[in-house]
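Q: I'd like to learn how to read a protein model, one feature at a time. Can we go through this one together?

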Amino acid sequence: MEEIMYFYLPIYKETKEQFEARYEKAFTKRVSELEDQTSGDVSARMKFMMKDQLAKEMGRSWRENHAIGWIRIGKGKGGFTFIISKSNPEKPRSPKRYFDLIPPDQCYGNYHVISFESCTNSEAVLKKFESIFSEIVEDTPFKGCFVDYSQIKNLADYIDWKSLIEV
């Protein structure tokens, strides 16, 4: 049976809130350092230029630039397959991202069908996904990371999970 891809989920090093807090902290520090060097007043134009420079250094978009891996979720008999890849560390913010598959013995659920047959409603399915994702981010290459599965959460109530899982 040919595998159909249903979801392609990014794995981030940090949540959007964590990234934004780190960005604001770095910006505040730069403004403070400049205030110490000058008379204490930093113009709005200078702040704008500093924000622009910081955005170039940190990556302009958290969603686009900070994925360190991906999970491809496909259909398997009675459940889903989880194929996990990790970004190439040599080009972490390159416009063309390269991801290498992680061998099955190095990461949870890789290439294996995980059964969802016991899930009877969308709430149970979401809990199962959440459990799998928390195990993935506890495994070595992604320890302490964050799987953005908002695609699944947003669509969960509109999917007939029972029919999808049984097929």
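Q: Are Glu138 and Lys143 buried or exposed?
A: Remember that this is a predicted model. As for a residue, it counts as exposed when its relative accessible area is over 50%. Here Glu138 and Lys143 are exposed.

Q: What do the side chains of Glu138 and Lys143 do?
A: Start with the general idea: side chains of opposite charge can pair when their charged atoms come close. In this model, Glu138 and Lys143 meet in a salt bridge, at 3.4 Å from N to O.

Q: How many salt bridges does the structure hold?
A: There are 3 of them. Another one joins the side chains of Lys127 and Glu123, with an N to O distance of 3.7 Å. Both of those residues, Lys127 and Glu123, are exposed.

Q: Where do Lys127 and Glu123 sit relative to each other in helix H4?
A: A handy habit is to count residues along the helix. Lys127 and Glu123 are 4 residues apart in H4 (residues 122-138), so about one helical turn separates them.

Q: Which residue forms a salt bridge with Glu14?
A: That's Arg22, and the closest N and O atoms of the pair are 2.7 Å apart. Now check how covered each partner is. Glu14 has a relative accessible area of 14%, so this residue is buried, because buried means under 20%. Arg22 comes out at 37%, so Arg22 counts as partly exposed.

Q: Which residues gather in a patch of negative charge on the surface?
A: To find a patch like this, look for residues of like charge that sit together on the surface. In this model, Glu33, Glu35, Asp36 and Asp41 make up such a patch.

Q: Where is Asp41 placed, and is Asp41 buried or exposed?
A: Look in the loop between helix H1 (16-37) and helix H2 (44-58). Asp41 has a relative accessible area of 64%, so Asp41 counts as exposed. You can also compare place in the sequence with place in space: Asp41 and Val31 are 10 residues apart along the chain, and their C-alpha atoms are separated by 9.4 Å.

Q: Which residues form a nonpolar patch on the surface?
A: This time, look for nonpolar side chains rather than charges. Met46, Phe48 and Met49 form the patch, and together they have about 310 Å² of accessible area. Take Met46, which is placed in helix H2. Its relative accessible area is 34%, so Met46 is partly exposed.

Q: What about the whole chain: how many helices and strands are there?
A: Count 6 helices and 6 strands. If you read along the sequence, you get the pattern β-α-α-α-β-β-β-β-α-β-α-α. The chain has 167 residues, and buried residues make up 38% of them.

Q: How many residues of strand E2 are buried?
A: For a strand, go through its residues and ask which ones are covered. In E2 (residues 67-76), 8 of the 10 residues are buried, so the strand is largely enclosed by the rest of the structure. Strand E3 is mostly covered, with 8 of its 9 residues buried.

Q: How many bridges join E2 to E3, and which way do they run?
A: You read a strand pair by its bridges and its direction. E2 and E3 (residues 79-87) run antiparallel, and 8 bridges join them. Gly74, for example, has Thr81 in E3 as its bridge partner, while Gly76 stands opposite Gly79 in E3.

Q: What lies between E2 and E3?
A: The two strands form a hairpin with 2 residues between them. Look at Gly78 in the turn: it has a positive phi of about 80°.

Q: How many bridges join E3 to E5?
A: There are 3, and E3 and E5 run antiparallel. One place to check is Phe80, whose bridge partner in E5 is Ile114.

Q: Where is Cys119 found, and is Cys119 buried or exposed?
A: Cys119 is in the loop between strand E5 (113-115) and H4. At 8% relative accessibility, Cys119 counts as buried. Try the sequence-versus-space check once again: Cys119 and Trp161 are 42 residues apart in sequence, with 8.2 Å between their C-alpha atoms in space.

How values were computed:
Residues numbered from 1 in each chain as written. Predicted model: local features only at pLDDT ≥ 70, side-chain atom pairs only at ≥ 80, totals over all residues. Heavy atoms only, no water. Patch = residues over 30% accessible without salt bridge, like charges linked within 9 Å, V, L, I, M, F, W, Y side chains within 5 Å. Areas by Shrake-Rupley, 256 points an atom, 1.4 Å probe, with all protein chains shown as cover. Salt bridge = Lys/Arg side-chain N within 4 Å of Asp/Glu carboxyl O. Lys, Arg positive; Asp, Glu negative; His and termini not counted. Charge placed at Lys NZ, Arg CZ, Asp CG, Glu CD. Buried < 20%, exposed > 50% of the residue type's maximum accessible area, 1.4 Å probe, protein only. Pairing = 2+ DSSP bridges.
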